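Me: I've got a model open and I'd like to go through the labels people put on it. Let's take them one by one and see what backs each of them up.

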Amino acid sequence: MTTDHQIAFFLRELETGDTWRRAAAAKGLGKLGGTEHAAVLLRAAADPAPEVREGAAVGLGRLGVPPAGAAVVQALCALMDDVDPWVRRQASLASVRLGLRDREVVDGYARLLGDPDYHLRINALEALRELGVPGDVPALVRLLGDPAHGIWGRARAMIFEFGKDPDIQAEVARAALWGADGARVHALLMLSDEHTDRLLPALLKDLTDGPSAEVRCAVAFRLARVKHPETRDALFAALAAERDPAVARQLLFLLGRSGDQRLLGPASRWLSEERAGPSAAAALGAVGGKTATRLLRTLLTDPATAPPTLAAAARAYGEMGRWDAVWLLLPLLGHAAAEVYEGALRGLDAMADTGFRPWERAAVARGLVARLGVAPTLVGVAERVLTGLAEALPGMRELVDRTTSPMVRAAALSLLDPHNATDAGTPHDLPLLVRHLDDGNMWVRQAAAEAIAHWVEETGTLPAGEERLRERLAALDSDPSDCVREAAAEALRALDDCRNT
């Protein structure tokens, strides 16, 4: 059937077909027809059957004839206000497809911001953002409270994009005070410092008398950015009187790093609460002193301490650098909860900055080498703790060939780098490093090449089989990784410098 015959068929179907045939004909006519058929689709847009009106909207979008005039714009605007959500959806998509920018269309999109249909709110947000206008500002800001992330996330992105618009700023400030809870939370987080200062009395009232814990948490977050002493005093007073764990957790988190002695009482009170306990433990670590030390030590030795609180206490105790911290943290590396292992590891990491005492070094090396591959995302932290510990080198030599993890293998080779630490076995490490120049993982190859360069520099000797080693390093010049190529070139330069010395 030729195109002309198909168009003729669609035209007959629109006149005599049943509902579904008319709807299909409208869509088909939009695909194959021309400007002269716009009038037919405009008549179909007024069909009493919603299925046909939906088909007409699709057809008008497919026809691709914006120059057809105001009639097409008016019809699509009318369909965007149709009682049927499927008709509204297809009309909005057709308007986007045609690239319509008329005032009536923009207003139609703005009305769809409040549509009960999820897809229509999405369509409206995407269309308005494409047009570079916020549409209905109050409706846009209200969408910050939409339960669907796809909606409030897009609305927030648009508000950020149009954030310099005075109308947007004023509406965000209004929502921060009087919006629905969901919208208030996001509006408070987006509120500018200028508006925060102006709304300070109302925000201070909401800190202790807010309609929900979520709103009060957002108010606390916003007030924590205010530098006025009286505002900070109000936050501490609110923490002292708080009874909701979620709000207490937020206040402890926001005030915790201050190290203010006023944290001691509230933090002690919330240690046993699972949600607020981690923030309370961290706050105690920042406060320091005998009382905080005693409380944290109790948490670290009590089998009943909840894992999240235990993890936070371990990290805080390590940051405090107490004399017994190593001996309290090392047993936690074997805890069944991964978060406790992380907390103990990060506590040791904080202590590594100042260096471990001579009698602690071997114990730290044994404890961490045995668990280097426990958490792939924390291998780098463990490597940092072990750097410089010669006591870890024997275990690293065994681990290099035993582990199946490329990340652990690369870390072990990096720790064998004599630039970091040396022992009696260092002069014999070269064959182990050379063997991993052919590793399938680029990070392992890079670590091996860097360690070879430092081995030559630190030992000041040319290795046996130097020419063979040069060939192996030169072959890495074609490695797909820039980092590997640079490390191999560095090793070759080290060999040249050693020969010329």
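Me: Which helices are among those that cover the buried residues of α19?

Reply: Among them are α17 (245-256), α18 (264-270), α20 (289-301) and α21 (307-320). Keep in mind that this is a predicted model.

Me: What makes α19 largely enclosed by the rest of the structure?

Reply: Helix α19 covers residues 277-287, and nine of its eleven residues are buried, so the label "largely enclosed" follows. The buried ones are G277, P278, S279, A280, A281, A283, L284, G285 and V287. Right after α19 comes G288, with a positive phi near 70°.

Me: How many helices and strands does the chain have?

Reply: The chain has 31 helices and zero strands.

Me: And why is the chain called more spread out than a compact globule?

Reply: Set the radius of gyration against the rule: the chain comes to 34 Å, while the globule rule gives 23 Å for 501 residues. The chain's value is well over that, so it counts as more spread out than a compact globule. The C-alpha trace spans about 95 × 70 × 40 Å along its principal axes. As for burial, 53% of the 501 residues count as buried.

Me: What share of the contacts with a separation of 6 or more is between residues 24 or more positions apart?

Reply: That share is 63% for this chain.

Me: Why do D349 and R384 count as a salt bridge?

Reply: The cut-off is a side-chain nitrogen of Lys or Arg within 4 Å of a carboxyl oxygen of Asp or Glu. For D349 and R384 the N to O distance is 2.5 Å, so the pair passes the 4 Å test. D349 sits in helix α23 (residues 338-352) and R384 in helix α25 (residues 379-386), so the bridge ties together parts 35 residues apart in sequence. By this rule the chain has 34 salt bridges.

Me: How do you know whether D349 and R384 are buried or partly exposed?

Reply: Buried means under 20% relative accessible area, and exposed means over 50%. D349 has 10%, so D349 is buried. R384 has 44%, so R384 falls in between and counts as partly exposed.

Me: What does the salt bridge between R397 and D423 tie together?

Reply: R397 and D423 meet at 2.6 Å, N to O. R397 belongs to helix α26 (residues 393-402), while D423 is in the loop between α27 (406-415) and α28 (430-435), so parts 26 residues apart in sequence are tied together. D423 has 23% relative accessibility, which makes it partly exposed.

Me: Why are E466 and R470 said to be separated by about one helical turn?

Reply: Because the two are four residues apart in helix α30 (residues 466-475), the spacing is about one helical turn. Salt bridges with shared partners join E466, R470, D496 and R499 into one network. The closest N and O atoms of E466 and R470 are 2.9 Å apart. With 8% relative accessibility E466 counts as buried, and R470 counts as buried with 16%.

Me: What makes R88 buried, and which residues is it in contact with?

Reply: R88, in helix α6 (residues 85-98), has 9% relative accessibility, so it falls under the 20% cut-off and counts as buried. Leaving aside neighbours within four places in sequence, R88 is in contact with L79, M80, D81, D82, V83, L112, D115, P116 and L120.

Me: Is Q446 buried or exposed, and how do you know?

Reply: Q446 is buried, since its relative accessible area is 15% and buried means under 20%. Q446 lies in helix α29 (residues 442-459). Not counting residues up to four places away in sequence, Q446 touches C483, V484 and A487.

Me: What about A240, and why is it called partly exposed?

Reply: A240 has a relative accessible area of 44%, and partly exposed lies between the 20% and 50% cut-offs, so the label fits. A240 is in helix α16 (residues 229-241). Leaving aside neighbours within four places in sequence, A240 is in contact with P266 and R269.

Conventions
Residues are numbered from 1 along each chain as its sequence is written. This is a predicted model: local features need pLDDT of at least 70, side-chain atom pairs count only at pLDDT 80 or more; totals for chains, interfaces and linings use all residues. Side-chain values use heavy atoms; hydrogens and water are left out. The radius of gyration is taken over C-alpha atoms; the globule rule is 2.2 Å times the number of residues to the power 0.38. Buried means under 20% relative accessible area, exposed over 50%, partly exposed in between (1.4 Å probe, protein chains only). Contact means heavy atoms within 4.5 Å.
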